[in-house]
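Me: I am in my first year and still learning how to read protein models. Could you take a close look at one part of this one with me, and connect it to the rest?

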There are 2 protein chains.
Amino acid sequence: MRRIAPGRDELIAAIAEVFRAHGYAGASLSLITETTGLGKGSLYNFFPGGKDEMAAAVLAHIDRWFEDAVFSPLREVESPQEGIARMLAATDAYFHSGRRVCLVGAFALDDARDRFAAEIRSYFGRWVADLAGALRRAGLEAADAGRLAEESVAGIQGALTLARAFDDPAVFSRAMANIRERLDVGRA
Amino acid sequence: MRRIAPGRDELIAAIAEVFRAHGYAGASLSLITETTGLGKGSLYNFFPGGKDEMAAAVLAHIDRWFEDAVFSPLREVESPQEGIARMLAATDAYFHSGRRVCLVGAFALDDARDRFAAEIRSYFGRWVADLAGALRRAGLEAADAGRLAEESVAGIQGALTLARAFDDPAVFSRAMANIRERLDVGRA
DNA sequence: GTGTATTTGTACCAATCGGTACAATGGAGT
DNA sequence: ACTCCATTGTACCGATTGGTACAAATACAC
């Protein structure tokens, strides 16, 4: 039969949730088959490389989403302030206002880091660089822009960790409000 | 034979490094026996509860260390500024200036969170509460103190994540310098 | 309706998982 | 010197791991 499984995007999204909830090592194939409803046959048909390829596909999927919704507005919207506002809104939406955790950040901490070092570095690297770029366009000096950008991305990651530790999304919302304020440079 | 293995503290420290590097699920018993040099016999002699008890012991060990070196100075040193300075110094030392990752933060993200929810919550909760207390003693309003404390702890966690993602401890050092500045309230 | 290439379920694989059992070991207390 | 008993290594357990093989099923092109 052809084309019975959900679209590839939905499939990857479902797999992503398993990795998000259990980490790379903890995301067993049985958990994945259970969550997706697909047997190993289908899974290995779509991802011949196995678990590794699934995780890579998930990371690529996330990367694409962030590129479109979070990073590119920072570069391409004329008003840097507007670009930053869009980035913050998309970030808040993506993490379900703190109820969801950052897969890339989680991978950065466990032993998936070595396997996907390049992807992880690129994800955070572009986030920081594009935000710094917007801040520079808003009038900040390069050094200040870089520092503030790094600090903001770190603040978001840390807030996700704390929100999950406390099981309280409000921690994330407070952090986002705070970051929004500190990024509100050069006129409103 | 009696007392051949290293002291319990050193043993726990060695196990901690395995959990730190591989997460809960990724820290296999074979990895632990390999790292510690102890066979399963010894391991299960010291930790009859198995992996779960090892992780609990590691968390308790970390908790004790932070209580002594990081949290208690915030409460007990007369000068809150001095307490904060000690907390920052101890934190920087513990994380090897960004070369080491926070086990509790890592556990908060993967599926160990549910198992150790109480310990994780308590660890971060006391950190934030004690820092907020010191800031209040330094003259800040309760609301401001709470916000700044939460923000600082989140900043530290996020910086650890970024430092690991970039494989660049300098990210952590920059974040610490920044946090030190922002916590320098009420006189110097 | 037939052919075909893709999709799928099932059975199977060796390796490893966390954990248990237990006999051998040998240091400490006397 | 002798007796304990904490400590240790080894063998073993069933379950699960990630992964493979392959035949049955089936949607689509024709």
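How much accessible surface does chain A have, and what percentage of that surface belongs to carbon and sulfur atoms? After that, please take me to helix H9 of chain A and of chain B.

Reply: Happy to! Keep in mind throughout that this is a predicted model. The accessible surface of chain A comes to about 8,200 Å², and carbon and sulfur atoms account for 51% of that area.

Let us set the scene before we turn to the helix. Chain A contains 10 helices and 0 strands, so reading from the N terminus you meet α-α-α-α-α-α-α-α-α-α. Along the principal axes, its C-alpha atoms fill a box of roughly 60 × 35 × 30 Å. For 188 residues, a compact globule would have a radius of gyration near 16 Å, and the 18 Å of chain A agrees with that. Of those 188 residues, 53% count as buried. Take the contacts in chain A between residues at least 6 apart in sequence: 64% of them join residues at least 24 apart. As for charge, chain A has 23 positive and 26 negative charges, and the mean positions of the two groups are 3 Å apart.

Now bring in the second chain. Two copies of a chain are related by a rotation about an axis and a shift along it. Here, a rotation of 180 degrees with 0.0 Å of shift along its axis superposes chain B on chain A, with an RMSD of 0.0 Å. The two copies are therefore related as by a two-fold rotation axis. The same surface serves both copies, as 100% of the contact residues of chain B recur in chain A. Which residue of chain B comes closest to the axis? That is B:Gly158, whose C-alpha is 1.9 Å from the axis.

With that in mind, here is the part you asked about. In chain A, helix H9 covers residues 142-166 and includes A:Thr161. This threonine has a relative accessibility of 3%, so A:Thr161 counts as buried. What does A:Thr161 touch, once residues up to four places away in sequence are left out? The partners are B:Gly105, B:Ala108, B:Leu109 and B:Gln157, so look across to chain B to find them. For a comparison inside chain A, try A:Gly105: its C-alpha and that of A:Thr161 are separated by 9.2 Å, with their positions 56 residues apart along the chain.

Cross over to chain B, where helix H9 also spans residues 142-166 and holds B:Glu150. Is B:Glu150 buried or exposed? With 11% relative accessibility, B:Glu150 counts as buried, because the cut-off for that word is under 20%. Setting aside residues up to four places away in sequence, B:Glu150 touches A:Leu162, A:Val171 and A:Arg174 in chain A, and B:Val128 in chain B.

To connect helix H9 with the rest, let us visit a few other places. In helix H1 of chain B (residues 8-26) you will find B:Tyr24, which counts as buried at 7% relative accessibility. Beyond four places in sequence, B:Tyr24 touches several residues, including B:Phe19, B:Lys51, B:Asp52, B:Phe107 and B:Arg115. By contrast, B:Phe95 is 71 residues from B:Tyr24 in sequence and 19 Å away in space, C-alpha to C-alpha. In chain A, A:Lys51 is in helix H4 (residues 51-76). Leaving out neighbours within four places in sequence, A:Lys51 is in contact with A:Phe19, A:Tyr24, A:Ala25, A:Ala27 and A:Tyr44.

Our last stop is a loop. Most residues other than glycine have a negative phi. A:Ser97, however, has a positive phi of about 55 degrees although it is not a glycine. Where is this serine? A:Ser97 sits in the loop between helix H5 (80-94) and helix H6 (103-109) of chain A, and it is partly exposed, with a relative accessible area of 22%. In chain B, B:Ser97 also has a positive phi of about 55 degrees, lies in the loop between helix H5 and helix H6, and counts as partly exposed at 22%. Back in chain A, helix H5 itself contains A:Gln81, which is partly exposed at 25% relative accessibility.

Technical notes. Residues numbered from 1 in each chain as written. Chains lettered and ligands numbered in written order. Predicted model: local features only at pLDDT ≥ 70, side-chain atom pairs only at ≥ 80, totals over all residues. Heavy atoms only, no water. Helix = DSSP H or I, 4+ residues; strand = E, 2+ residues; numbered from the N terminus. Rg over C-alpha atoms; globule rule 2.2 N^0.38 Å. Buried < 20%, exposed > 50% of the residue type's maximum accessible area, 1.4 Å probe, protein only. Contact = heavy atoms within 4.5 Å. Areas by Shrake-Rupley, 256 points an atom, 1.4 Å probe, with all protein chains shown as cover. Lys, Arg positive; Asp, Glu negative; His and termini not counted. Charge placed at Lys NZ, Arg CZ, Asp CG, Glu CD. Least-squares fit on C-alpha atoms with pLDDT ≥ 70 in both.
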